[in-house]
Amino acid sequence: MTAPTVKPPPDSFDLEVELLIIGAGACGLIAALSAKEAGQEVLVIEADAVPSGSTALSAGLIPAAGTKLQQAAGIDDNPAQFAADIQAKAHGENDQELVDLMAQNAAEVIDWLTDTHGLPFSVVDDFDYPGHSSRRMHGLPTRAGAELIDALRSAAERASIDIICGRRAETLYFTGGLVHGIAARRPDGGVETIGCKRLILACNGFGGNRALVAQHMPEIESGLWFGHDGNRGEAVLWADQIGAATQHLGAYQGHGNVAHPHGILITWATITEGGVQVNRAGKRFWNEAQGYSEAARAVLSQPGGEAFAIFDARIAEIARQFEDFKRAEAQGVIKTANSLDELAVALGLPADALGGTIDSLPAAGTDSFGRVFGKTRLAPPYCGVRVTGALFHTQGGLRVGNSARVITRDGLPIPNLFAGGGAACGVSGRGDSGYLSGNGLLAAAALGRIAGNAPTEQRTPHSNPD
């Protein structure tokens, strides 16, 4: 891997465009669709052979408050409550202006993608995500990120947006407080230079850069890397060289319910609907209601860095709306048994301990870990799966203002440089416990839409305060 560098611009470029977007994930494609709609000339470059990225690895769910779909479903929700939920989960560690910006713009993105581009979103309305006071997760029919990225790519193709794949940006041409373009490497090793009037960084975070992970979040370094290997941290590495401000680089989204060793995401609905996690000894070890991001560290702290999610057939039926869960079942990852003794044998757990653990779960009460359980108890047939903790994506990044412009360390905007998604600082606080379900795609969708809509202006350094 060639280290990202910053250089003065060349005398001429191989190609020049009005707006250049680095990254064809959800953030980049939403930004491209917005900019194209606003009449801008757009080019998207993507390092992969086809657009996929972190979006394709996700559940493809975007949280938004006050959407038409929520209203049709009789769900009473609003951006102010959404913002309060985000801050509560992050212990108030986020910049309130950034939280408000995302919460207030998310619904418009969902409505626009649905009405203008025909994406068949619906609200997940049969279970609650931890920390959300309303049912506000919006997803496509398979509840899979692969479907979302394919739908966005198809929308971009219908809009005649140019996407060039197999181009990894390596050099940022920056001088006089302005971006002038980039140099990108082709698969054959050749380099192309692209000049632009403005640039959107939609190249995600740095989870695929092990050195940066070790530096900023050593507690998850040993976790499975479940994100996209292309997330190498170009945005934050360039930031250091151009004086751009970064924030909360120790923040990340983990997940403690990834099937092991198969590497298939098991939806957290298996837990929120009444399931639990046990260790090799068949014992619970934490309050699972805290969330799936915190679960990564909790699971990795157990013997062998693994745990077992225990649930039942009722919960499995809810989980089957997710394509990943159906794939796990098809591959025999999910074990099912008519008794806890049989399930213990299938999972290699001590039967007496597992049985005692499940029998001790309260009905409509609070347990010793502080978790509140509902009236519905786990019942046969029982299900279980071996899981481990994983790092999904980083949540810290470049600081942006209210138009998604990148901010310098002096607090001034860089007029023609924008960032969104994982390249920008998100709203998950400082560590892993501040991640509210959907924060990653929230930043991709909201900031992508805002950055795409921003006009191309006269390039005068710091003339446009955010």
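## A tour from charges to core

Start with the charges. The protein carries 36 positive and 51 negative charges, and their mean positions lie 2 Å apart. Keep in mind that this is a predicted model.

**Whole chain.** Show the cartoon. You should find 15 helices and 21 strands. The radius of gyration is 22 Å, close to the 23 Å that the globule rule gives for 466 residues, so the protein is as compact as a globular protein of that length. Along the principal axes, the C-alpha atoms fill a box of roughly 75 × 45 × 40 Å.

**Surface and interior.** Switch on the surface. About 16,900 Å² is exposed, with carbon and sulfur atoms supplying 48% of it. Of the 466 residues, 60% count as buried. Now consider contacts with a separation of 6 or more: residues 24 or more positions apart account for 74% of them.

**Helix α14.** Select residues 351-359. Which residues of this helix are buried? They are A353, L354, G355, T357 and I358. Next, add what covers them: the cover includes β15 (276-278), β16 (306-312) and α13 (340-347).

**H132.** Move to the loop between β5 (122-123) and β6 (137-139), where H132 sits. Is H132 buried or exposed? H132 has a relative accessible area of 9%; the cut-off for buried is under 20%, so H132 is buried. Show side chains here. H132 and R136 are joined by a side-chain polar contact of 2.9 Å. Then select P63, F82, D85, M137, L436 and S437. H132 is in contact with these residues, leaving aside its neighbours within four places in sequence.

Key
Residues numbered from 1 in each chain as written. Predicted model: local features only at pLDDT ≥ 70, side-chain atom pairs only at ≥ 80, totals over all residues. Heavy atoms only, no water. Buried < 20%, exposed > 50% of the residue type's maximum accessible area, 1.4 Å probe, protein only. Helix = DSSP H or I, 4+ residues; strand = E, 2+ residues; numbered from the N terminus. Contact = heavy atoms within 4.5 Å. Rg over C-alpha atoms; globule rule 2.2 N^0.38 Å. Areas by Shrake-Rupley, 256 points an atom, 1.4 Å probe, with all protein chains shown as cover. Lys, Arg positive; Asp, Glu negative; His and termini not counted. Charge placed at Lys NZ, Arg CZ, Asp CG, Glu CD. Polar contact = N/O pair within 3.5 Å; in protein donor to acceptor, adjacent residues only side chain to side chain.
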